[in-house]
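Please have the model open in a viewer, with the ligands drawn as well as the protein. The tour below goes from one selection to the next and says what is to be found at each stop.

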Amino acid sequence: MTETLISPPATSLRIDGGRLLRRIRELGSIGVDPATGGITRPGFGPADQEARTYLIGQARAAGLTAGVDAAGNVIMRRPLPDDSAGQRTAVLMGSHLDTVVNGGPLDGAYGVLAALEVLQCCAEAGLETPYEPVAVGFANEEGALFPQPFWGSMALAGRLDALPGEPADHHGRPLRKALEEAGGNLDALGTAAWSPGSVAAYLELHIEQGPVLERAGTQIGVVEAITGRAVLTLRIQGSAGHSGTTPMEGRRDAMVAAALVVVAAESISGGQDLCRVATVGHLDAYPNTPNTIAGAVTLTVDLRDTDPVRLRSAEEAMRGALRRIADRTGTGITVTALTRSEPVATHAPLRAAIALSSEELGLSHLPLPSGAGHDAQVVADIAPIAMIFVPSIGGVSHVPEEDTHPEHLVGGANVLLHTVLRTLGHTPQ
Ligand code: HGY
Ligand code: MN
Ligand code: MN
């Protein structure tokens, strides 16, 4: 495949920028919180289902086929006269449809809609290519409601053993029904898996979510590697009690233990510099009332680094800190869930194709790592991967202010188009 990646200039073809921006606006209106302007479309929640219906509607109105696989991923293809869909090796492109709570309109959505746009361009141009372009909207990448991040891409990559048998959300509600409503089927999850060899390459266009491109005044990021991540979900079990009558001596205060966990996580990345970043972003206390000592707390510790050795040592250090904190506070601390995603390097020939396509389109580009996790690092199990970034205004994401200049959104989608055409083995007429 490498030889086709550095083929001559792909084509004068361009995406329909107005159509892409219109779809970004329309999808961005689903799940908006009028009070904050943020978007809340957690995977397999009602707004996520509305987004899935919107995407399928847009694809079908464009004359493409669109369906939902057993994991809830939306798979979009060109209708093929000889019904050879799925018979040929595919070039897969896409991102995730879901969002975090109170997030922005571009994280995930931009890459899904750009992939739809590129697929529609290929169809409208009637391009015949050795590989079949396929667009995907992955389900539940964030894990904001059902805490199994990368759910859809793990199913597509066949990593089913790493998924819980009966997934449930943070409140214990089973995923089975919500997945069925999305068009999926927990009992047939294996049918969502693509075999290694069936995908020639996976390309994901995404906002950078950080400040590097904007600070450098550069239009395109060529991602070199995607960070590894270990997310530990903890349950701290203490003893609830009256805040006024219970002496400090002998308390088993789960909130004190949780506070020590937060400080320990911060010290692992800042002080001991064991991993690049560590974050406690989710914390639920019970009974969560001002005059009762917290009997239980659930929280998550999110550790990240592009070096697998540093990531493992950070996780070990965190587990050691948990043991010490449990002893000191007399609480019980258990790791109730652990999701690990290994750091992954992108495919050099695909990186070269992105750089060449950017230059062809007159766009500046620079190589950079991704501090965010992405479905691409899971799909890397079955195919060579690459990621294209566009600048984030102010370098922010996972907040309502998440934004990117329209010309960067259109430029990034054109780079995706040209890179896909190169990867498809398309030779310009
Ligand atoms: O958390 C992440 O890095 C991604 O947004 N899921
Ligand atoms: Mn995200
Ligand atoms: Mn994302």
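Begin by selecting Asp107, and bear in mind that this is a predicted model. Asp107 has a relative accessible area of 5% and therefore counts as buried, since the cut-off for that word is under 20%. Add the two manganese ions to the selection: ligand 2 and ligand 3 are 3.5 Å apart, and Asp107 coordinates both of them.

Stay with the manganese ion (ligand 2) and show its protein donors, which are Asp107 (OD), Glu142 (OE) and His398 (NE2), at 2.0 to 2.2 Å. Along the sequence these donor residues of ligand 2 follow the spacing D-x34-E-x255-H. Asp107 and Glu142 link distant parts of the chain, 35 residues apart: Asp107 is in the loop between strand 3 (90-96) and helix 4 (109-124), while Glu142 is in the loop between strand 4 (132-138) and helix 5 (151-156). Glu142 is buried as well, with a relative accessible area of 16%.

Next, move to the manganese ion (ligand 3), for which the protein donors are His96 (NE2), Asp107 (OD) and His206 (NE2), lying 2.1 to 2.3 Å from the ion. The spacing of the donors of ligand 3 along the chain is H-x10-D-x98-H. Because His96 lies in strand 3 and Asp107 in the loop between strand 3 and helix 4, this pair ties together parts that are eleven residues apart in sequence. Both His96 and Asp107 are buried.

Now select ligand 1, which sits in the largest pocket, and display the residues that surround it: Glu141, Glu142, Arg229, Arg304, Ala372, Gly373 and His398. Which side chains should be picked out for contacts with a nitrogen atom of ligand 1? One is Glu141, where an N or O atom of the side chain is 2.9 Å from a nitrogen atom of ligand 1, and another is Glu142, where the corresponding distance is 3.0 Å. For His398, the contact runs from an N or O atom of the side chain to an oxygen atom of ligand 1, at 3.1 Å. The protein covers 95% of the 210 Å² of accessible area that ligand 1 has on its own.

Two of these neighbours deserve a stop of their own. Glu141 is found in the loop between strand 4 and helix 5, and with 3% relative accessibility Glu141 counts as buried. If you draw a distance from the C-alpha atom of Glu141 to that of Ala115, 26 residues away along the chain, the viewer should give 17 Å.

His398 is the other neighbour, placed in the loop between strand 16 (385-390) and helix 12 (406-423). Is His398 buried, exposed or partly exposed? With a relative accessible area of 37%, His398 is partly exposed. His398 also has a positive phi of about 60°, although it is not a glycine. Most residues other than glycine have a negative phi, and most peptide bonds are trans.

For the last stop, go to the loop between strand 10 (283-286) and strand 11 (292-293), where Pro287 lies. The peptide bond from Tyr286 to Pro287 is cis, with omega near 10°. Asn288, in the loop between strand 10 and strand 11, has a phi near 65°, which is a positive value in a residue other than glycine. Asn288 counts as exposed, with 58% relative accessibility.

Definitions and conventions. Residues are numbered from 1 along each chain as its sequence is written. Chains are lettered from A and ligands numbered from 1 in the order in which they are written. This is a predicted model: local features need pLDDT of at least 70, side-chain atom pairs count only at pLDDT 80 or more; totals for chains, interfaces and linings use all residues. Side-chain values use heavy atoms; hydrogens and water are left out. Donors are N, O and S atoms within 2.8 Å of the metal (3.2 Å for Na, K and Ca); water is not among the atoms, so sites may look incomplete. Helices (H or I, at least four residues) and strands (E, at least two) are DSSP runs, numbered from the N terminus. Buried means under 20% relative accessible area, exposed over 50%, partly exposed in between (1.4 Å probe, protein chains only). A residue is near a molecule or strand if one of its heavy atoms lies within 4 Å of it. A polar contact is a pair of N or O atoms within 3.5 Å; within protein, one must be able to donate a hydrogen and the other to accept it, and residues adjacent in sequence count only if both atoms are side-chain atoms. Accessible areas come from the Shrake-Rupley method with a 1.4 Å probe; for residues, only the protein chains shown count as cover. On a 1 Å grid over the protein atoms alone, a cavity is a set of points where a 1.4 Å probe fits but cannot get out, and a pocket is an open set with protein on both sides within 12 Å along at least five of seven lines; lining residues have an atom within 4 Å of a point. A molecule sits in a cavity or pocket if more than half of its atoms lie within 2 Å of its grid points.
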